Each structure stands twice: as C-alpha cells, then as structure tokens.
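Work through the exercises below with the structure in view. Try each task before reading its solution.

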Amino acid sequence: MAEEQKKEEEQLEIPDVLPLLPVRDVVIFPFMIVPLFVGRERSINAVDAALTKDRLIFAATQKDISKEDPDPEDLYTSGTVCMIMRMLKLPDGRVKILVQGLTRANVSKFVQTKPSYTVSIATVKEAAPPAVSLEIEAMMRTVKEQLEKLSSLGKVVFQEVMMVLDNIQDPGRMADLVAANLGLKIEEAQSVLDTLDPVKRLEKVNEYLVKELQVAQMQVKIQTQAKEEMDKSQREYYLREQMRAIKNELGDIEEATEEMEEFREKIQKAKMPSEVEKEALKQADRLEMMHPDAAEAALIRTYLEWLVDLPWSKQTKDAIDINKAKKVLDSDHYDLEKIKERILEYLAVRKLQKKTKGPILCFVGPPGVGKTSLGRSIARAMGRQFVRISLGGIKDEAEIRGHRRTYVGALPGRIIQGIKQAGTNNPVFMMDEIDKIGMDFRGDPSSALLEVLDPEQNYAFSDHYLNLPFDLSKVMFITTANMADPIPEPLLDRMELINLPGYTEEEKLEIAKKYIVPRQLTEHGLSKKLLSLQDETIRKVISGYTREAGLRNLEREVASLCRKVAKRVASGKTGVTVITPRTLQDYLGVTKYLPEAEQESDEIGVATGLAWTPVGGEILYIEATIMNGKGQLTLTGHLGDVMKESAHAALSYARSRAKMFNLSPDFYKDMDIHIHVPSGAIPKDGPSAGITMATALISALTQTPVNKDIAMTGEITLRGRVLPIGGVKEKSLAALRAKIRTVIIPERNKKDLEDIPKDIRKQINFVPVKHMDDVLKYVFKKTPQLHGHKPPVKKLKTVKRKNHARPARTGA
C-alpha cells in the first residue's frame with residue numbers, strides 16, 4: 001500500500017505555488033488521512049482555490065492555536081502538501097473536508113495574503129529508505145511492541161493502524177504513522193515532521209513513545225491504589241459496625257461516649273447562640289459516629305474545642321466609676337487630655353445606655369508617644385481584659401478571617417484567637433501598626449478589617465474557620481498608626497482618629513520625673529538614695545542625647561545611667577550618686593545632637609522656615625543668592641517635587657511684583673538664582689516652605705536683610721495668597737527650641753492654635769497673614785521701596801522674651 005502511494009506521488013506533479021490552509025490542534029503527516037472542519041473565511045477561500053484547480057493544498061500548523069486570524073509569522077514554515085479527497089458544506093457555513101498528506105514541503109515565500117494565503121513551496125525529497133540492519137529492525141520491533149503495550153494500558157489505537165504497522169518496512173513511514181496516532185503535543189509532532197532522516201525520526205518517535213508509556217503506567221498505578229483504598233475503607237466500616245454491635249450487646253461503655261458527653265456538657269455551659277449550638281451538637285454527633293483514629297475525627301474534635309472555648313456569653317462588667325477611671329488614666333499617663341476625655345465620655349454613655357456599641361478609636365502619632373500603653377490604661381480604667389495584636393507586615397487575608405477547615409492545619413484568624421485569649425467577649429482589643437498592612441495575591445487584609453471595624457456589621461462577624469457568626473459589637477477596638485496617609489480610605493472612614501503629635505520638652509521632663517526615672521530605678525534595683533538626677537540633667541539628656549517626638553530613646557538613656565550607677569553599687573561603692581549636667585558626659589559620652597547654630601545677625605537672602613517631620617518640628621534656614629547669568633533657577637538640598645514647585649511659584653510671584661520691588665521687568669534674564677536648603681543629605685518635601693522661599697528670594701533681589709528673630713510657615717500661590725498648612729504645634733515647638741519668639745502662620749491656621757498648650761502660646765507671638773505682601777512688610781526691618789498699601793498686621797499675643805535652655809534640633 002505504501003509503495004502504491006509512493007508511485008502516485010511520483011506520478012502526481014506538485015506545483016510550486018499552492019493555497020495555504022492554517023490548521024490548529026494537529027500536525028498532518030505524509031500518507032495521513034484526516035478530516036478537517038474549516039470555518040475561517042480565509043481558510044474557506046483557500047479550500048475553494050484548491051478545488052478549482054488540482055485539489056492540492058499546503059497545510060501548515062499554527063504556533064499559537066488561540067489566535068483566530070494568524071499572520072505569516074504565526075505559522076510553521078514546514079508542512080505537508082495534501083490532496084482534498086472529499087468536501088462537504090455544512091448548514092452553519094463551515095466546510096468539512098477529508099485530506100490526505102502527500103509529501104513534506106517548506107514555505108519559500110508568501111505570494112498572496114488575501115482573500116487567502118498563497119505560498120511558494122519547495123518540496124522536500126526524503127532520503128531513500130536505508131537497508132534494514134539489525135539495529136533498525138530491533139528499533140522497529142520495539143516501537144511496535146511499545147505501541148501494543150500502550151494500547152493495552154488504555155490508549156486508543158485503532159486496530160487498522162496495528163495491521164498497517166505489521167506490513168511497513170520503511171522506518172520513516174513507520175515513524176510518521178506512529179506519530180500521527182500517538183496524540184503528541186503540537187511542538188513534539190512538528191519536531192518529528194521536521195526530522196528528515198528516517199532512522200533519527202524513528203528514534204525520536206521511540207523516545208516520545210517511551211514517555212507516553214511511562215505516563216500510562218503511572219495512571220494505571222494511581223487508579224489501582226485509589227480502588228484499593230476504597231475497598232479498604234469499606235472493609236473497615238463493616239468491621240467497625242460489627243464491633244459496635246458486639247460492644248452494645250456486652251454493655252461496654254466506650255471512652256468515646258464519655259468524651260461526647262463531656263463535649264455536650266461544655267456546649268450547654270457555653271451558652272452559645274441557638275444557631276451556633278445547633279451546629280456544635282451536629283458536629284458532636286458526627287464525631288460520635290466516626291472511628292477515633294479517623295483523620296477527619298481529629299479535625300472535628302479541634303473544631304469543637306474552639307467552639308466550646310470561645311466566650312460566647314462571658315463578659316466582664318464595666319467599672320462605671322467616672323472619677324476612679326479618671327484617676328487611673330491620670331496615674332498612668334501625663335497630659336493627653338483629649339484622649340482621656342473621650343474615654344470618660346464613653347464610660348458616661350455606657351452608664352446611661354447599657355447597649356451602646358463600642359467605639360473604634362485610632363491613635364495616630366510617632367513611635368514612642370505611648371499609643372500601646374494607653375490602650376492598657378484604658379482597659380485597666382474600664383476593668384476589662386486587654387488583648388493586643390500587631391498587624392505590621394500582614395499580607396494574607398486569612399490572618400484576619402482565618403482559614404477554611406478544608407486546609408491542613410487550619411486555624412481561626414487573629415481576631416477570634418484574641419477573643420479566646422481574652423476569655424471575654426468585650427475586651428479592649430488593640431491592633432497595632434494598622435498603617436503597615438500589606439497585600440498580595442493571597443488577599444487584602446485591610447478589606448477584611450472593614451467588617452471587623454464596622455459597628456453596623458461586626459455584630460455577626462464570620463470567621464472562615466468557624467463559619468458561624470460571632471458578635472464583636474461589644475469589643476472596644478483601638479488601632480494605632482504612625483501616619484494616617486497609608487491607611488486605605490474606606491478603613492479610615494470607620495475609625496475615630498485621635499492624634500498624638502508628640503511631647504514638648506517640658507512634657508518630657510515631667511513624664512521622666514513621674515514615670516520613667518522611678519520605673520528604671522525599680523527595674524535596676526536602685527532607689528533615690530542611690531541615684532539623684534537633677535531637672536537640668538534630665539533636660540540636657542532630652543535635648544542633647546535624644547531627637548524624637550516620643551520617649552523611647554529618653555528611656556534608653558535613663559536606663560544607661562541606671563546601669564552605670566548599678567555597676568558602681570554592685571562594686572561596693574555606697575552612697576548617693578548625683579549626676580549633674582557637667583558630669584553627664586562622663587556617663588553617656590559626648591553629646592549626640594548639637595543645637596542648630598543661631599544666626600548672629602540679620603542676613604540678606606536667608607529666611608527662617610519651619611518644617612514638620614515624623615519626629616517633631618524642625619528649623620530650616622533657606623538661602624537664596626543672585627549671580628550674573630542667563631535666567632536659570634537652581635534648586636539644591638534634596639528637595640521633592642512639591643518643594644521645587646513652591647520655589648517656582650515664589651519666583652513667579654516676585655516677577656509679577658517686579659515694579660513693586662523697583663526691579664526691571666526682565667531682571668531675571670541677566671542673572672542666575674540659586675536657592676539652597678541646608679542638610680542636603682536629608683530628603684525634604686511639602687508646600688509649607690513657600691513663603692520662606694519667597695522671602696529669601698525677594699530679600700536677595702532687593703538686597704534687604706531678613707529679621708532673624710522671625711520664623712515662618714505657609715504655602716504660597718502665584719497671586720501671593722498664603723494658604724494653610726499642617727503641623728502647627730510641632731513647628732511652634734521647633735521655633736521655641738531655637739529661641740524664636742515670633743512665628744508667621746497663615747490666617748486660616750488660627751484655629752489650630754487651640755491645640756497648642758497654653759504655656760507655649762504665652763511664649764510665642766503668632767502673626768497670622770493672608771498675603772505674601774503682609775509677610776514682606778513684617779520680616780524686613782529695613783523696608784525696601786515697596787509701592788502699594790501696607791496691610792495691617794494682626795498679632796495674637798505679644799510677650800516679653802524669656803531665656804530658655806535650647807534643646808537639639810529634631811531630625812528630618
């Protein structure tokens with residue numbers, strides 16, 4: 001049969017140009033007869049073109065079967081010349097054809113792309129079949145035997161194929177026939193088609209055949225194992241039932257029965273909601289019917305233990321004594337009046353309305369200001385249990401909601417775990433670092449917290465492990481964050497924000513005297529009879545050895561002092577050790593933070609600005625200088641985009657007021673302007689340096705010195721309006737540390753002065769301004785020749801300057 005087809009191929013003259021039919025899912029081999037369904041317009045046109053001529057068509061396989069309209073580069077360049085034997089048009093517009101592969105060929109070039117592909121081909125003349133050696137004969141027999149074995153393992157191989165293989169003596173023909181019926185991947189089948197050497201082609205097919213045989217054997221092994229497991233389970237089930245019947249006849253009481261009775265008793269004592277109790281009893285009945293050693297029995301037992309251990313109805317009674325709660329809060333924390341007032345308000349409402357829902361507070365502030373310890377104090381003041389979890393770095397939603405029980409090692413989420421740890425259903429539940437939650441492919445934990453922190457939803461919080469509602473509405477949730485910006489907006493909307501901006505030097509001194517020093521003395525086995533710290537000593541520790549808004553470094557430095565004194569006492573040196581500001585360096589070493597050098601006199605082109613940082617406020621001396629040049633503006637000091645835009649806005653304002661400053665309209669064309677903000681290694685950004693940059697720039701342009709005793713903050717617009725900014729309290733503290741008693745602020749920031757302690761407001765003269773013109777008239781001692789009216793300057797308070805020790809500058 002193969003010889004007759006070969007003669008027909010030799011008699012049939014194959015033209016050099018043929019229509020091309022892109023095929024998917026199959027590679028057509030020579031002498032292979034295959035039905036094809038043709039539905040694409042370009043393919044139907046190719047079939048029609050072939051039928052109008054000699055019924056010959058070139059079939060090439062697509063590289064990407066998902067591409068509906070392949071381009072020339074999406075097709076393999078090698079394929080098979082085929083004869084269309086039959087054609088049938090279907091009702092849905094498609095065409096069914098029966099084709100037979102004739103010979104291999106390669107695409108030389110694409111002659112036409114529309115309405116169908118037409119290609120110039122070069123037929124491939126295969127090498128003459130080699131003489132059948134012992135090695136080739138062995139290979140051919142091996143291929144036949146493996147194909148028969150594969151057929152016996154369940155692979156569908158038609159009997160006609162096996163009969164044809166018995167009569168084939170050509171290794172190349174055998175390789176094509178086996179590859180066509182083996183169900184290879186497109187890439188593998190194409191590789192066989194491209195291999196022209198008959199022996200190598202048969203070797204490659206043999207490799208694929210061995211692989212398919214191994215996969216089939218593994219499938220049979222898996223199926224056999226599964227069947228054996230099923231038979232074993234059924235046998236064990238029958239034996240267990242027989243054993244149960246025997247024990248019932250003998251009257252024996254199983255240990256499992258006692259365990260079930262114990263579970264049912266705990267379920268009754270837990271006073272669960274009816275829905276939860278129903279599910280718990282259902283799971284107990286399931287466990288009773290199972291063999292104690294069954295894998296699922298351990299999962300159900302753990303699940304029941306979680307259900308009975310949760311405090312469904314157990315809660316602590318709130319200590320609704322307002323005065324006592326106030327004393328507890330005052331004894332634990334200095335100042336923080338707003339937060340204390342909010343807690344007392346909640347207790348007052350609880351006293352009048354027992355069913356009120358717990359508040360959800362969010363303490364926002366720098367590290368070390370006492371956010372976490374405040375949560376413990378709130379729990380102590382209310383007489384509740386305290387639970388704390390840290391959310392920093394959590395990226396898996398299951399950390400909040402728990403894992404499904406279908407997973408190995410599944411557990412409830414950290415919310416339910418915390419409730420179990422507390423032992424009551426109304427603890428004070430603190431979640432630290434809520435601004436540091438991440439997200440990845442495992443889900444978004446912040447979205448899962450939306451249900452937890454919503455009073456309208458958390459009365460029926462559903463953990464994935466429990467799969468039952470748990471009432472969280474009685475829990476008082478408190479979250480903490482260093483910054484509110486990273487918290488997602490929907491989550492932020494569910495919480496009541498309370499800012500803890502940091503402590504002033506006076507506040508730190510009082511906290512150190514009342515809390516830190518006594519605590520460290522106790523922890524180090526010392527007393528006031530062994531160590532004495534003067535107020536000025538503590539003040540120097542605060543200003544010279546710490547730079548923070550909180551108290552952690554201050555506590556570390558005090559602990560260091562205590563350790564050194566403890567070493568002396570342990571060495572046998574008795575008597576009180578008095579540490580003065582002069583001797584402090586002997587204990588803590590050289591001063592770590594030096595105060596910002598004060599300006600000795602008013603200077604041209606230097607203005608004093610105020611900046612906010614996460615660890616408090618900071619003084620910025622912004623410098624501007626003018627040089628001959630070509631109108632270039634240079635900005636240095638590691639400035640961010642917003643700060644650079646403020647500098648450009650300041651320059652535009654100065655240009656728009658050129659006449660007012662007695663400058664020529666095109667003054668900027670013949671000069672270069674350089675604005676620099678010192679501490680160039682520290683990144684800086686934000687709009688609040690706008691009026692400071694404008695002041696320094698105009699001072700340099702008009703050669704007018706700026707008053708060194710005035711600091712300023714505010715955003716500037718192109719029209720010269722001064723817009724409000726944030727961090728007024730922190731900036732005011734920075735000015736006070738720098739011994740600056742006059743601060744210019746935007747008019748619309750007057751409301752923020754209420755948040756500044758009264759003792760600081762008495763020491764600083766705040767000057768609210770609406771326009772940049774007001775700023776210039778106030779900061780220039782030597783007034784330049786300015787045209788226009790002089791706006792009135794509003795002063796809130798004016799006091800005499802006092803001498804204060806100056807602490808170090810806070811870091812950026």
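The model is predicted.

**Exercise 1. Find the strands that pair with β12, and state the sense of each pairing.**

Solution.
- Start with β7, residues 360–364. Strand β7 pairs with β12 in the parallel sense, over five bridges.
- Check one position: V364 stands opposite A481 of β12.
- Now take β9, residues 428–432. Four bridges join β9 to β12, and these strands also run parallel.
- Check again: M431 has T479 in β12 as its bridge partner.

**Exercise 2. Decide how many residues of β12 are buried.**

Solution.
- Locate β12 at residues 476–481.
- Sort the side chains by direction. M476, I478 and T480 point one way, while F477, T479 and A481 point the other way.
- Look at both groups: all are buried.
- The count is therefore six of six, given that buried means under 20% relative accessible area.

**Exercise 3. Locate E451 and R401, and classify each as buried or exposed.**

Solution.
- The side chains of E451 and R401 meet in a salt bridge, at 2.7 Å from N to O.
- E451 lies in helix α16 and R401 in helix α14, so the pair ties together parts 50 residues apart in sequence.
- E451 has a relative accessible area of 14%, so E451 is buried.
- R401 has 15%, so R401 is buried too.

**Exercise 4. Classify R380 and D332 in the same way.**

Solution.
- Their side chains form a salt bridge, at 2.7 Å from N to O.
- R380 sits in helix α13 and D332 in helix α11, 48 residues apart.
- R380 has a relative accessible area of 47%, so R380 is partly exposed.
- D332 has 25%, so D332 is partly exposed.

Definitions and conventions:
Residues numbered from 1 in each chain as written. Predicted model: local features only at pLDDT ≥ 70, side-chain atom pairs only at ≥ 80, totals over all residues. Heavy atoms only, no water. Buried < 20%, exposed > 50% of the residue type's maximum accessible area, 1.4 Å probe, protein only. Helix = DSSP H or I, 4+ residues; strand = E, 2+ residues; numbered from the N terminus. Pairing = 2+ DSSP bridges. Salt bridge = Lys/Arg side-chain N within 4 Å of Asp/Glu carboxyl O.
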